[in-house]
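Reader: I'm new to this structure and would like a close look at just one part of it. Could you take me through the aromatic pairs, and then show me what surrounds them?

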Amino acid sequence: ALFMAAIALLVAFGAPTPSPLEPNPVRAATYFEASLIIMLLALSLILLVTRRLELDLGRLAAFDELTGCYTRRAFLSECSNELARIGREGGQESGRCAVVMFDADNFKSVNDGYGHHVGDAVLAEIARRVAACLGPQDRLGRQGGEEFCALLANTGQERAQMRAEELRRAVAERPIQLGDQEIAVTISLGVAICPDHATEMAGLLKAADGALYRAKHGGRNRVEVAPLPAAT
């Protein structure tokens, strides 16, 4: 644009217009600038496409395609960040969090009775209902199959049990509508608290998984909180 403006000024002030075939510094600079702009535009397009591909690949790695939840690896990374924050702030309610592990009860019967495509739709709807109950600082991840895990930030034991009950009711209180089919689904949930049960993710997942096991064997469609570790 600057070169074109310079040429326009030269012409406006009566400078002779050179022949198209006559060597001219302004014309040479203009041609050089045009070539440079084309190369820069091409390079910019390549960089934009590359960045878009990086973002798409990052999203595929971080989010489960079916449910939109975090993948297991991304969820554990998010939880590690939260536990690090709790380690810095420990003591108050903001220095606590809850891990809630849950899965769909008798999910095999859904797959066997309706087909895996319906089972996938059921899992997606369970994730959607649970996610609608979570706050902006909470996290939801899919552990694999029909098993999920939620991280409830700034949550102690009493509040964690209440919130887990809210998640259970969100799934159980009304059937999932898929076309003309209504499928009644429930979930069982196990709860563990940081730092009451553990301060690292492996210990919290183990405690929550044990509580989920008790919820399953206690009749399903229920919430169980992991017992506190025995004092040493």
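Author: Here is a walk through the aromatic pairs, followed by a few other parts of the chain.

Keep in mind that this is a predicted model. Let's get our bearings before zooming in. The chain has 7 helices and 7 strands, and from the N terminus on they run α-α-α-β-α-α-β-β-α-β-β-β-α-β. Of the 232 residues, 38% are buried.

Now for the rings. How many aromatic pairs does a search of the whole structure find? It turns up 2. One of them is Phe63 with Tyr70, a stacked pair with 5.0 Å from centre to centre and 25° between the planes. Stacked is the right word because the planes are under 30 degrees apart. Is each partner tucked away or not? Phe63 has 26% relative accessibility, so it counts as partly exposed. Tyr70, at a relative accessible area of 18%, is buried, because the cut-off for that word is under 20%.

The other pair is Phe102 with Phe148. Their ring centres are 5.4 Å apart and their planes sit at 10°, so this pair is stacked too. Here's the fun bit: Phe102 belongs to strand 1 (residues 97-104) and Phe148 to strand 3 (residues 147-153), so the pair links distant parts of the chain, 46 residues apart. Both partners are buried, with Phe102 at 0% relative accessibility and Phe148 at 1%.

That kind of long-range link fits a broader theme. Among contacts in the chain with a separation of 6 or more, 68% are between residues 24 or more positions apart.

Lys216 gives another example to look at. You'll find Lys216 in helix 7 (residues 201-217). Lys216 is buried, with a relative accessible area of 18%. Setting aside neighbours within four places in sequence, Lys216 is in contact with Asp103, Ala104, Asp105 and Ser188. Two of those names should ring a bell: Asp103 and Ala104 are contacts of Lys216, and strand 1, the home of Phe102, covers residues 97-104.

One more stop is helix 5 (residues 116-132). Helix 5 has 17 residues and reaches 24 Å from its first C-alpha to its last, close to the 24 Å expected at 1.5 Å a residue. Its buried residues include Val118, Val122, Leu123, Ile126 and Val130. Glu125 and Arg129 of helix 5 are on the buried list as well.

Finally, step back to the outside. The accessible surface of the chain comes to about 13700 Å², and 60% of that belongs to carbon and sulfur atoms.

Note on methods:
Residues numbered from 1 in each chain as written. Predicted model: local features only at pLDDT ≥ 70, side-chain atom pairs only at ≥ 80, totals over all residues. Heavy atoms only, no water. Phe/Tyr/Trp six-rings, centres within 6.5 Å; stacked < 30°, edge-to-face > 60°. Buried < 20%, exposed > 50% of the residue type's maximum accessible area, 1.4 Å probe, protein only. Helix = DSSP H or I, 4+ residues; strand = E, 2+ residues; numbered from the N terminus. Expected span 1.5 Å × (residues − 1). Contact = heavy atoms within 4.5 Å. Areas by Shrake-Rupley, 256 points an atom, 1.4 Å probe, with all protein chains shown as cover.
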